Amino acid sequence: MNIPFLGHRHPKTGEAMLPTDPEGVADLLSECELLRSQAEEAGVRLDDSPASLEALDQVLPRWRDDEETLPWLGNDAGFYLGTVIVRTVPGALWDIRPAGPVVRLASGREFDVVASGHEWAASGVPELSQLYAEVAES
């Protein structure tokens, strides 16, 4: 089975293969459909800027009561945070690991943005804009 959004299937194992070019990976991880939908309903435009992270931090977290939505939204929040970092912090890029994607800075420092996205979706702490500020000054 070949699922287009997962990329091509490995010929021997059948596992999904992500795009190997950094721009293709960045495009795939920036989709964040559920988060973008929730933000749009709240009147927040996600334009991949640090200011949009601040706006997201102000959205009333209605999703916290929905146990099915929470993990998906946490993933999307982490992917979106990573997208903003990769697009605005010089030298930052996605690094795909077996345990999941991380953002790696030019300095070599790595951030598990997906774990941060889950924390934000579940409790609002730390704020996405605060995480971005910490990463951007590194």
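Reader: Why is helix α4 described as largely enclosed by the rest of the structure?

Author: In this predicted model, local features need pLDDT of at least 70 and side-chain atom pairs count only at pLDDT 80 or more, while totals for chains, interfaces and linings use all residues. Residues are numbered from 1 along each chain as its sequence is written, and side-chain values use heavy atoms, with hydrogens and water left out. A residue is buried at under 20% relative accessible area, with a 1.4 Å probe and protein chains only. Helix α4 is largely enclosed because, of its 20 residues, the number buried is 14.

Reader: What length does α4 reach from its first C-alpha to its last?

Author: Helices are DSSP runs of H or I with at least four residues, strands are runs of E with at least two, and both are numbered from the N terminus. Helix α4 covers residues 69–88. The expected span is 1.5 Å times one less than the number of residues. For α4 that expectation is 28 Å, and the helix reaches a span close to it, 28 Å.

Reader: Which element gives the most residues to the largest nonpolar core?

Author: A nonpolar core is a set of buried Ala, Val, Leu, Ile, Met, Phe, Trp, Tyr and Cys residues joined through side-chain atoms within 4.5 Å. The largest such core has 34 residues, and Tyr80, Leu81 and Trp120 are among the members that touch the most others. The elements giving two or more residues to this core are α1, α2, α3, α4, α5 and α6. The one that gives the most, with eight residues, is α4.

Reader: Which residues does Tyr80 touch, not counting those up to four places away in sequence?

Author: A contact means heavy atoms within 4.5 Å. Tyr80 touches Cys32, Leu35, Arg36, Leu46, Asp47, Asp48, Ser49, Ser52, Leu53 and Leu56.

Reader: What is the order of the strands in the open sheet?

Author: Two strands pair if DSSP finds at least two bridges between them. Strands β3 and β4 pair in the antiparallel sense over five bridges, and β4 and β5 do so over two bridges. The edge strands, each pairing on one side only, are β3 and β5. The order is therefore β3-β4-β5.

Reader: Which residue in β5 is the bridge partner of Arg104?

Author: Arg104 in β4 stands opposite Leu93. Strands β4 and β5 form a hairpin with five residues between them, and Gly108 in the turn has a positive phi of about 95°. In β5, the bridge partner of Arg104 is Glu110.

Note on methods:
Buried means under 20% relative accessible area, exposed over 50%, partly exposed in between (1.4 Å probe, protein chains only).
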